[in-house]
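Biologist: Can you walk me through this structure? I'd like to start with how the helices pack.

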Amino acid sequence: MEGDIPEETLILRSDLGVVLSGLPLFAGLEPQIIKQIAAVAEWLSLPGGATLFAAGEASDAMFVVLSGCLGVFSPDTRDRRRFMGRVLAGDTVGEMGLISGRPRSAHVAALRDTELARISSDSFNAVFGRHPEAMLRIARLTVDRLELSQSKPRGPRHSARTFTLLPQSVEVDVGGFASEFVKALSRFGRTELVWSVRAESHTSHWFHRIETANDFVVYVGDPTPGRWSSLCVRQADALLLLARAESAAGSWEALASARESSMAPQRAELVLLHEGTIARGAAGRWLAMQPGIPHHHITGPSDIARVARMLTGRGVGLVLAGGGARGFAHIGVVKALREAHVPIDLVGGTSMGGILGAGVAQCWSVEELKERFHAAFVEAKPLRDYTLPFVSLVSGRKVSRLLRQDFGNTDIEDLPLTFYCVSSNLTTGHCVVHRRGLLWLWLRASVAIPGVLPPVVHKGEVLVDGGTMNNLPVDAMRELGRGPVIGVDVGADRAFTTDSEEVDVPLPWQLMSWLRVRRNRPNIFQILWRSGMVNSSAMTAAHREKTDLLLQPPLAQIDMLNWSAFDRAISAGYEYAVRRLEALPSGTFELEMPVAPRSSPALAALPSFVPAES
């Protein structure tokens with residue numbers, strides 16, 4: 001009924017030409033052309049979850065999205081549809097069918113409450129046929145869309161503009177988090193905070209204006225089901241599911257209710273709010289309720305700033321390669337990065353790079369990294385527990401004990417920073433990325449040099465050093481799509497050389513005279529270690545190309561098994577990284593430095609969220 005339509009919508013409908021002229025598709029067209037298009041267009045309101053058209057239907061019209069958002073889905077396959085993409089305000093949908101004359105090739109539905117202009121097939125032919133320039137716009141749009149669908153952009157896949165904070169219960173301090181989250185986002189652009197008191201009664205046009213006027217919009221949902229929470233879920237590019245880490249794990253009632261009426265494949269991430277230090281085991285408990293989604297630990301404002309970087313495609317991932325004693329150079333690189341205020345938001349690594357990366361993910365200081373790794377590798381000499389070489393030269397018990405000593409029973413998912421390490425599965429012949437589970441165990445697998453250390457046998461499968469298949473696992477970091485990736489390759493230099501010209505080892509009674517001749521001969525540790533890495537050289541070279549910044553400290557003078565070169569390796573890594581970082585153009589990375597946030601009209605209203613004591 002006309003009387004039920006909001007006044008805001010009626011005003012917009014009365015001058016559709018003004019609305020169309022403000023869209024990129026029609027910008028610059030002659031006013032009379034826009035008037036003719038507006039005259040034949042029909043206004044259509046589509047509530048969130050409703051279908052616009054289904055695959056196989058006749059292509060009888062094209063649609064211009066005026067506000068809101070549509071979702072495009074593949075045709076039904078075994079009662080399931082695959083989400084293919086979004087159609088945002090200013091875009092068109094259905095024009096390809098009109099041009100080709102073929103039936104609809106996809107299913108299109110409203111992800112949010114959406115307003116559209118419908119242009120029938122007859123009207124399309126009548127108006128656009130008389131104006132080639134308008135038809136050319138449509139043709140170019142179609143070509144651009146096809147090229148975009150076929151391209152594979154290298155940039156972040158997970159950057160978002162609209163966020164919904166959904167607390168699990170009334171006990172969650174959603175206001176405190178919202179305040180810091182808005183401040184963090186305001187470093188990157190104008191940010192608006194929206195909650196039910198301001199927005200619950202507004203139309204989709206109001207939300208469209210808010211989202212158009214800002215770089216980021218943060219919606220605050222309710223813990224209980226209702227119209228507002230459902231609307232917030234539909235508006236979100238990313239859902240942040242907030243929970244008190246110490247509480248008993250539970251479900252999000254508002255989320256379950258909202259998803260029943262939404263066709264959007266909502267991207268959700270778990271945010272655990274801790275009181276002080278990270279509660280061990282909390283991530284595992286809560287992830288059991290929301291399996292398969294990323295998670296974040298929050299203990300203070302710096303953690304919220306990290307989440308903001310990651311969600312907007314600015315999170316910095318650090319990937320550390322294996323390389324034995326050369327891996328100590330990673331400590332110098334980390335020191336240089338921290339001094340330059342380059343944030344380290346995610347960490348991954350292989351072998352020694354994995355172990356050092358775990359220390360970085362624990363947020364250990366540079367001094368603590370030095371102290372722990374000097375004690376574990378220089379003083380303890382972990383490869384000295386020789387055994388009968390049935391499986392390996394050393395028993396591995398010393399390495400396992402040292403890893404348990406430093407990392408305890410911590411699970412990977414309980415680390416402050418997102419972390420993974422890599423091992424090689426000899427049973428299946430595939431690389432394994434460990435993102436969850438007992439940290440020391442998977443580090444032990446990642447460093448199990450074939451022939452030197454015994455493999456880790458897990459569920460009938462044999463796991464060895466990750467460097468055997470993937471010594472610079474940049475691909476696993478790229479899959480996360482969080483932002484720029486820094487790769488540190490300490491295995492690029494020649495592993496070792498020899499001045500000996502020999503074929504065979506002499507007979508036992510000839511050994512003494514053979515050893516008296518001092519030669520730079522490779523030993524069995526070097527041979528086994530390097531043999532385990534050489535097959536991954538081609539993959540490592542390819543992965544270097546996938547980095548945004550590749551660091552390769554000069555380490556040719558440091559043997560991969562020379563643990564006493566500890567300080568030299570750290571210095572080489574530090575001095576090299578300092579030079580490279582100083583040479584980078586300004587603005588290469590978002591720096592971890594206090595920056596005054598841009599003003600946001602919503603910030604003035606934040607006290608209504610924040611408890612009185614804060």
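**Helix packing and other contacts**

Modeller: Helix α14 passes helix α15 in a right-handed crossing. This is a predicted model.

Biologist: What is the angle between α14 and α15, and how far apart are their axes?

Modeller: The angle is about 35 degrees, and the axes are 10 Å apart. Helix α14 covers residues 329-339 and helix α15 covers residues 352-361.

Biologist: Which residues meet there?

Modeller: From α14 there are H330, I331, V334 and R338, and they meet G353, L356 and V360 in α15. By type, the residues of this contact are four nonpolar, two polar and one charged.

Biologist: What comes after α15, in the loop between α15 and α16?

Modeller: C363 is in that loop. Its phi is near 65 degrees, which is positive, and C363 is a residue other than glycine. C363 counts as partly exposed because its relative accessibility is 45%.

Biologist: Where else is there a positive phi in a residue that is not a glycine?

Modeller: K459 has one, at about 50 degrees. K459 lies in the loop between β19 (456-458) and β20 (461-465). With a relative accessibility of 78%, K459 counts as exposed.

Biologist: Back to helices. How do α7 and α13 cross?

Modeller: Their axes come within 9 Å and cross at roughly 55 degrees. Helix α7 is residues 174-185 and helix α13 is residues 301-311. The two are therefore oblique to each other. The crossing of α7 past α13 is right-handed.

Biologist: And which residues make the contact?

Modeller: On α7 they are F177, E180, F181, A184 and L185. On α13 they are P301, I304, A305, V307, A308 and L311. That contact divides into 10 nonpolar residues, no polar ones and one charged.

Biologist: Is α10 buried or exposed?

Modeller: Helix α10 (residues 227-235) is mostly covered, with eight of its nine residues buried. The buried ones are W228, S229, S230, L231, C232, V233, R234 and Q235.

Biologist: Change of topic. How many salt bridges are there?

Modeller: The count comes to 19 salt bridges. One of them pairs R104 with D60, where the closest N and O atoms are 3.6 Å apart. That pair links distant parts of the chain, 44 residues apart. R104 sits in the loop between α4 (95-100) and β7 (107-110), and D60 in the loop between β2 (51-53) and β3 (61-67).

Biologist: Are R104 and D60 buried or exposed?

Modeller: R104 counts as buried, because its relative accessibility is 6% and the cut-off for buried is under 20%. D60 is at 40%, so D60 counts as partly exposed.

Biologist: What about the pair D406 and R372?

Modeller: D406 forms a salt bridge with R372, and their closest N and O atoms are 3.0 Å apart. D406 is in helix α17 (residues 397-407) and R372 is in helix α16 (residues 366-379), with their positions 34 residues apart in the chain. R372 has 24% relative accessibility, so R372 counts as partly exposed.

Biologist: Which residues are joined into one network by salt bridges that share partners?

Modeller: E42, D60, R104 and R118 are joined that way.

Biologist: And R267 with E269, buried or exposed?

Modeller: Both R267 and E269 are buried. Their side chains meet in a salt bridge at 3.2 Å, N to O.

Biologist: I also noted P553. Where does P553 lie?

Modeller: P553 lies in the loop between β22 (549-551) and α23 (566-583). P553 has a relative accessibility of 3%, so P553 counts as buried. P553 and D489 are 64 residues apart in sequence, and their C-alpha atoms are 7.6 Å apart in space.

Biologist: Last thing, the whole chain. How many helices and strands?

Modeller: The secondary structure comes to 23 helices and 22 strands. The chain has 614 residues, and buried residues make up 52% of them.

Biologist: What share of the contacts comes from residues 24 or more positions apart?

Modeller: Such residues account for 78% of the contacts in the chain with a separation of 6 or more.

Note on methods. Residues are numbered from 1 along each chain as its sequence is written. This is a predicted model: local features need pLDDT of at least 70, side-chain atom pairs count only at pLDDT 80 or more; totals for chains, interfaces and linings use all residues. Side-chain values use heavy atoms; hydrogens and water are left out. Axes are lines fitted to C-alpha atoms, for helices over the stretch in contact, and angles run from 0 to 180 degrees between N-to-C directions. Helices (H or I, at least four residues) and strands (E, at least two) are DSSP runs, numbered from the N terminus. Angles under 35 degrees count as roughly parallel, over 145 as roughly antiparallel, 65 to 115 as roughly perpendicular and the rest as oblique. A crossing is left-handed if the near helix is turned anticlockwise from the far one by less than a right angle, and right-handed if clockwise. Contact means heavy atoms within 4.5 Å. Ala, Val, Leu, Ile, Met, Phe, Trp, Tyr, Cys and Pro count as nonpolar, Asp, Glu, Lys and Arg as charged, and the others, Gly among them, as polar. A salt bridge is a side-chain nitrogen of Lys or Arg within 4 Å of a carboxyl oxygen of Asp or Glu. Buried means under 20% relative accessible area, exposed over 50%, partly exposed in between (1.4 Å probe, protein chains only).
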